[in-house]
Every structure is written in C-alpha cells, then in structure tokens.
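Good morning, and thank you for making the time. I should like to take you through one model this morning, beginning with a single loop residue and working outwards to the helices.

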Amino acid sequence: KICRKLHLSKSKNSKFNESGQLIVFNAVSMIWALDIVIKENWLADLSSLWTGYPYDTLSFSTKFFYIIQFAYWAHIIPELYFQKIKKEDMFSRVKYSVLYLAFISSIYITNFQRIGVVVLLLHYISEFVNHAVKLIDITEKEEDSKKVQFAQNVYNLFFFAVQLLTLILSQTMLWFGLQGVEYSGELRDFNTPIFKLICSISALATQVWIIYEFLNEQKSYSFNITASLGLLKPKAKTAHSDNPNKKRKNAGMSLQIMIL
C-alpha cells in the first residue's frame with residue numbers, strides 16, 4: 001500500500017522493500033544487542049569483554065541472539081531466488097549475507113561472543129541510519145534534495161565513527177586485553193599469538209573492504225562523499241563566461257562594421 005501511494009518504479013520499489021525490511025531487522029537487533037550489553041554491564045567495565053576468556057557460560061538471551069542472527073542471514077540467500085532479483089543486485093546481497101554468516105560463525109566458534117555483540121550493536125546502528133537515508137532518498141521526489149544530503153552527511157559520520165570504534169575495540173582486546181588472560185590450553189581457548197595475529201589481520205582486511213565498498217556506493221548517488229561533506233566548491237565564473245546573447249550581439253555589430 002505504501003509503495004502504491006508513493007508511485008515508485010519497479011527498481012525503486014525493490015530497493016524500498018529491501019531497505020524497509022532491513023531497517024526493521026536492524027532496529028530489532030540493535031535494541032536486543034543494547035539490552036544484552038546493559039544487562040551484562042559490559043559498558044561500565046570494558047575489561048569484562050575479555051576477562052574470564054574462554055567464557056564458561058553465556059546467558060540465554062545472548063545465545064538466542066546469535067541463533068536469530070545466523071538464521072536471518074542464512075535465510076536471505078534462498079529468499080532471493082523466490083523474489084526474482086536481478087543478477088547484479090543478487091550478488092551484492094549474497095555477498096553481505098555471506099560476510100555476516102562468516103563473522104557470526106567465527107565469533108561464536110572462537111568464543112568471542114561478548115565483543116561480537118558489541119561490534120554487531122555498533123554496526124547495526126550504522127546500518128539503521130544507512131537504510132533510513134536510503135528510504136528518504138527513494139521517497140524524495142526532488143533531485144539533489146538538501147534533506148537527502150543532510151541525511152547522507154549524518155550517515156557518513158556514523159559510518160566512520162563505527163569503523164573507528166570497531167577498530168579500537170577489536171585491536172585493544174586482541175593485543176592488550178587478552179594479553180593479561182592466561183592461556184588455558186583447552187580446545188575452545190584461542191588465546192594464542194598466531195591466532196590473535198590472524199584475527200587482527202582478518203579484522204583489518206574486513207574493515208578495509210567495508211570502507212572500499214562504502215566509497216564505491218557513494219559514487220552511485222547524485223553526490224559523492226566529498227561533495228556531501230562540503231569539500232567541493234562550485235567553480236567560480238571566469239571573466240570569459242559572458243552571456244551568450246551578449247557575445248552574439250557583439251559578433252553581429254562587428255560583422256556590420258566590416259560590411260560598411
């Protein structure tokens with residue numbers, strides 16, 4: 001009904017449905033993850049994210065959170081087949097679904113569930129703003145709307161803030177937090193220098209790829225990231241950019257003089 005009222009094209013209708021679905025999921029996941037973080041008191045003491053690793057117990061809410069996360073991103077792949085999505089659009093959606101599945105699985109298997117919830121919380125906040133901006137852009141009828149540009153500026157700030165916080169949290173935990181945690185030798189304990197190096201490189205590579213995809217996505221909008229941040233200024237008119245009518249008038253006068 002909403003799409004009919006907005007009179008969207010097929011391509012915009014598909015994007016509207018995608019962002020509408022994801023913004024709801026991001027909102028639910030964001031609130032759920034925030035509830036876990038507050039109840040577990042991880043914000044008050046960040047060292048609790050790695051203290052006691054590998055953790056003996058997890059709350060039911062945390063376990064169920066990971067189950068729902070894995071189930072949602074796993075169901076996206078077969079769902080695309082029934083939605084008759086274009087091949088070029090299908091690849092991008094499958095790509096992100098696989099990335100989420102790989103992250104959630106590796107975090108849960110390696111017993112880094114606490115830091116995983118925090119990272120997902122930060123990421124879902126950014127994605128919530130992202131899809132809100134996309135919905136505004138889709139429904140906005142004016143081209144180069146100031147409303148869309150302002151919303152995009154807000155998302156740009158959220159995106160880079162989330163990437164910075166993710167970088168700080170992940171690297172701090174790997175190289176400083178777990179440094180004070182004794183290696184137990186258990187199979188579920190991955191607190192070894194080699195594994196931490198692999199995790200560190202993987203986290204950095206993933207963030208570089210996410211930023212690369214973000215910058216590429218900006219090119220598809222009517223304004224790029226530098227323009228949206230106000231770094232590009234319109235070119236000043238030169239002295240040669242006179243009125244075309246005036247030029248034609250001067251040329252006509254010159255021609256008359258030559259004839260005379």
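Let me begin with Leu58, which is in contact (heavy atoms within 4.5 Å) with Lys63, Tyr108 and Gln113, leaving aside its neighbours within four places in sequence. Leu58 sits in the loop between helix 2 and helix 3. Its partner Gln113 is 55 residues away in sequence, yet the two C-alpha atoms are 8.5 Å apart in space.

A word on the basis of these values. This is a predicted model, in which local features need pLDDT of at least 70 and side-chain atom pairs count only at pLDDT 80 or more, while totals for chains, interfaces and linings use all residues. Residues are numbered from 1 along each chain as its sequence is written, and side-chain values use heavy atoms, with hydrogens and water left out.

How confident is the prediction? The average pLDDT, which is the predictor's confidence in each residue from 0 to 100, is 83 for the protein, and 81% of the residues score at least 70. Two stretches fall below 50. Residues 222-229 form one of them, and beyond near neighbours in sequence this stretch has 21 contacts in the model. Residues 254-260 are also below 50, and there the corresponding number of contacts is zero. Where pLDDT is low, the predicted coordinates should not be read in detail.

Now the overall architecture. The protein has nine helices and zero strands; both are DSSP runs numbered from the N terminus, with helices being H or I of at least four residues and strands E of at least two. Read along the sequence, the pattern is α-α-α-α-α-α-α-α-α. Of the 260 residues, 36% are buried, where buried means under 20% relative accessible area, exposed means over 50% and partly exposed lies in between, with a 1.4 Å probe and protein chains only. Among contacts between residues at least 6 apart in sequence, 77% join residues at least 24 apart.

I turn next to helix 4, residues 87-109. Helix 4 has 23 residues and reaches 32 Å from its first C-alpha to its last, close to the 33 Å expected at 1.5 Å a residue; the expected span is 1.5 Å times one less than the number of residues. Which residues of helix 4 are buried? They are Arg93, Ser97, Tyr100, Leu101, Ile104 and Ile107. These buried residues pack against helix 2 (10-39), helix 3 (60-83) and helix 5. Ser97 counts as buried because its relative accessibility is 1%. Setting aside neighbours within four places in sequence, Ser97 is in contact with Trp73, Ile76 and Ile77. Just after helix 4, Asn111 takes a positive phi of about 65°.

The next topic is a pair of helices. Two packed helices are described by the angle between their axes and the distance between the axes. Helix 5 (residues 113-139) and helix 6 (residues 146-177) pack at about 170°, with their axes 9 Å apart. Here axes are lines fitted to C-alpha atoms, for helices over the stretch in contact, and angles run from 0 to 180 degrees between N-to-C directions. Helix 5 and helix 6 are therefore roughly antiparallel to each other, a term for angles over 145 degrees, with under 35 counted as roughly parallel, 65 to 115 as roughly perpendicular and the rest as oblique. The residues of their contact divide into 18 nonpolar, five polar and three charged. Nonpolar covers Ala, Val, Leu, Ile, Met, Phe, Trp, Tyr, Cys and Pro, charged covers Asp, Glu, Lys and Arg, and the others, Gly among them, count as polar.

Within helix 5 we find Ile125, which is partly exposed, with a relative accessible area of 26%. Leaving aside neighbours within four places in sequence, Ile125 is in contact with Met30 and Phe158. Ile125 and Phe158 are 33 residues apart in sequence and 8.1 Å apart from C-alpha to C-alpha.

Finally, helix 7 (residues 193-219) has 27 residues and reaches 40 Å from first C-alpha to last, close to the expected 39 Å. Its buried residues include Gln207 and Ile210. Both are contacts of Gln163, as is Ile211, not counting neighbours within four places in sequence. Gln163 belongs to helix 6 and, at 8% relative accessibility, counts as buried. Leu204, also in helix 7, is partly exposed at 37%. Leu204 touches Leu167 and Gln171, not counting residues up to four places away in sequence.
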